[in-house]
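Student: I'm new to this one. Could you walk me through it with a few questions?

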Amino acid sequence: MENSDGFVPVLKEKELKGGKMKLVTVEGTPILFIKQQGQIFAINNRCPHMACGLIGGTLDGLVIVCPCHDWRFDLTTGEYEEAPGFRLTKYNWKIKSGKIWVNHEEET
Ligand code: FES
């Protein structure tokens, strides 16, 4: 089910708990949802370094640490702390009717 604006429902809002991650796949794109400090982030699960799955990483405040080489990415900007420009792919999302919707084509 896709809206005319390109958003698809992927999770119930209450399924995404604070401090946790949820991985969904939308038309072959692995999208990792993270709720941290009351904020929601939707990022591509593949690390921009060597494509390791970020679902195996750890959260440190508003930073996600990749499990493969410990690169630290700021969830708010998407940037690698030590080399801005290397960044996470982020997606637009919204909450509607108790569900989280994502647009997997429109990257932010
Ligand atoms: S693959 Fe993520 S830091 Fe290397």
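Below, a student and a tutor talk through this predicted model.

Student: Is Val24 buried, exposed or partly exposed?
Tutor: Let's count its surroundings. Val24 has 17 C-beta neighbours inside 10 Å. Being buried takes 20 or more, and being exposed takes 12 or fewer. Because 17 falls in between, Val24 counts as partly exposed.

Student: Which residues is Val24 in contact with, leaving aside neighbours within four places in sequence?
Tutor: Start with where it sits: Val24 is part of strand S2, residues 20-26. Once those sequence neighbours are left aside, the contacts of Val24 are Val10, Leu11, Ile31 and Phe33.

Student: Which strand gives the most to the largest nonpolar core?
Tutor: That core has 21 residues, and Ile31, Leu32, Phe33, Ile34, Ala42, Leu54 and Val102 have the most contacts inside it. Strands S3 (29-36), S4 (39-44) and S9 (99-107) each supply at least two of its residues. With four residues, the top contributor is S3.

Student: What does Ala42 touch, not counting residues up to four places away in sequence?
Tutor: Ala42 is among the residues with the most contacts inside that core. Setting aside residues up to four places away, Ala42 touches Ile31, Phe33, Lys90, Tyr91, Trp93 and Val102.

Student: Which strands are the edges of the open sheet made of S5, S6 and S7?
Tutor: The order is S5-S6-S7, with antiparallel pairing. An edge strand here pairs on one side only, and that picks out S5 (58-60) and S7 (72-74).

Student: Which residue in S6 stands opposite Thr58?
Tutor: S5 and S6 (residues 63-65) pair in the antiparallel sense over three bridges. Opposite Thr58 you'll find Val65.

Conventions. Residues numbered from 1 in each chain as written. Predicted model: local features only at pLDDT ≥ 70, side-chain atom pairs only at ≥ 80, totals over all residues. Contact = placed C-beta atoms within 7 Å. Pairing = 2+ DSSP bridges. Core = buried A, V, L, I, M, F, W, Y, C linked by C-beta atoms within 7 Å.
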